[in-house]
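Work through the exercises below with the sequence and the model side by side, and try each task before reading its solution.

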Amino acid sequence: QVQLVESGGGLVQPGGSLRLSCVASGSPFSSYYMSWYRQAPGKERELVAGIDEIDGRTKYADSVKGRFTIFRDNDKNTVYLQMNSLKVEDTAVYYCHAENINTRNWGQGTQVTVSS
C-alpha cells in the first residue's frame, strides 16, 4: 500500500498558475504509475494526466494538453502537476492516484478554484 497526500490547491484567477504536489509513503514509489484526476461538482471524476513508472512517459486529457505538466521526483517520492493558464472550468477537487499490479490508491484531494 501507498499513502498519498496532496497539497498545493487554492484560489487563483483565470490565467494564473498552481503546482500541485502528491507525496507518497509506505511503499516503493518508483514502482507505481502515477496520475492526477479531478472531479467538479456534478461531474464524473476524470483523468487529467498520468506518468509511467518506467521511463516517465506521460499522457494528458485533451482539455489540459499544453497547459498542464505532470512530472515526478522518485527521490522525493513526489508527483507534481504544474497547471498554467488556468481556466474557470478547471475548478475541481484534484486527486492523486497510484496504481500497480496489485492495488490502486487515492489521495484525499485538494481543491482548486479558478475565479475572478
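**Exercise 1.** In which loop, between which two strands, is Ala61 found?

*Solution.* Some conventions come first: the model is a predicted one, in which local features need pLDDT of at least 70 and side-chain atom pairs count only at pLDDT 80 or more, while totals for chains, interfaces and linings use all residues. Residues are numbered from 1 along each chain as its sequence is written, and side-chain values use heavy atoms, with hydrogens and water left out.

Step 1: Ala61 is found in the loop between strand S6 (58–60) and S7, where helices (H or I, at least four residues) and strands (E, at least two) are DSSP runs numbered from the N terminus.

Step 2: the relative accessible area of Ala61 is 16%, so this residue is buried; buried means under 20% relative accessible area, exposed over 50%, and partly exposed in between, with a 1.4 Å probe and protein chains only.

Step 3: leaving aside neighbours within four places in sequence, Ala61 is in contact with Leu47 and Val48, contact meaning heavy atoms within 4.5 Å.

Step 4: Val5 lies 56 residues from Ala61 in sequence, and the two C-alpha atoms are 22 Å apart in space.

Step 5: Ser63 is also found in the loop between S6 and S7, but at 38% relative accessibility Ser63 counts as partly exposed. Ser63 and Gln108, which are 45 residues apart in sequence, have a C-alpha to C-alpha separation of 23 Å.

**Exercise 2.** Describe the chain as a whole, beginning with its secondary structure and ending with its charges.

*Solution.* Step 1: the protein chain has zero helices and 11 strands, so that its elements run β-β-β-β-β-β-β-β-β-β-β from the N terminus on.

Step 2: a compact globule of 116 residues would have a radius of gyration near 13 Å, and the 13 Å of the protein chain agrees with this; the radius is taken over C-alpha atoms, and the globule rule is 2.2 Å times the number of residues to the power 0.38. Along the principal axes, the C-alpha atoms fill a box of roughly 40 × 25 × 25 Å.

Step 3: of the 116 residues, 41% count as buried. Among contacts between residues at least 6 apart in sequence, 53% join residues at least 24 apart.

Step 4: the accessible surface comes to about 6,200 Å², of which 46% belongs to carbon and sulfur atoms; such areas come from the Shrake-Rupley method with a 1.4 Å probe.

Step 5: the mean positions of the 12 positive and 12 negative charges are 3 Å apart. Here Lys and Arg count as positive and Asp and Glu as negative, with His and the chain ends not counted, and each charge is placed at NZ of Lys, CZ of Arg, CG of Asp or CD of Glu.

**Exercise 3.** Which residues have the most contacts inside the largest nonpolar core?

*Solution.* Step 1: the largest nonpolar core has 29 residues, and those with the most contacts inside it are Met34, Trp36, Val79, Leu81, Met83 and Tyr94. Such a core is a set of buried Ala, Val, Leu, Ile, Met, Phe, Trp, Tyr and Cys residues joined through side-chain atoms within 4.5 Å.

Step 2: two or more residues of this core come from each of strand S3 (18–25), strand S4 (33–39), strand S5 (46–51), S7, strand S8 (78–83), strand S9 (92–99) and strand S11 (110–114).

Step 3: not counting residues up to four places away in sequence, Met83 touches several residues, including Leu18, Leu20, Phe68, Tyr94 and Val112.

**Exercise 4.** Place Asp73 and Gln3 in their strands and list what each one touches.

*Solution.* Step 1: Asp73 lies in strand S7 (residues 68–73), and its 24% relative accessibility makes it partly exposed.

Step 2: beyond residues up to four places away in sequence, Asp73 touches Phe29, Thr78 and Tyr80. Asp73 and Phe29 are 44 residues apart in sequence, yet 9.4 Å apart in space, C-alpha to C-alpha.

Step 3: Gln3 lies in strand S1 (residues 3–7) and, at 41% relative accessibility, counts as partly exposed. With residues up to four places away again not counted, Gln3 touches Val23, Ala24, Ser25 and Gly26.

**Exercise 5.** What is the phi of Asn77, and where is this residue found?

*Solution.* Step 1: most residues other than glycine have a negative phi.

Step 2: phi of Asn77 is near 50 degrees, a positive value in a residue other than glycine, and Asn77 is found in the loop between S7 and S8.
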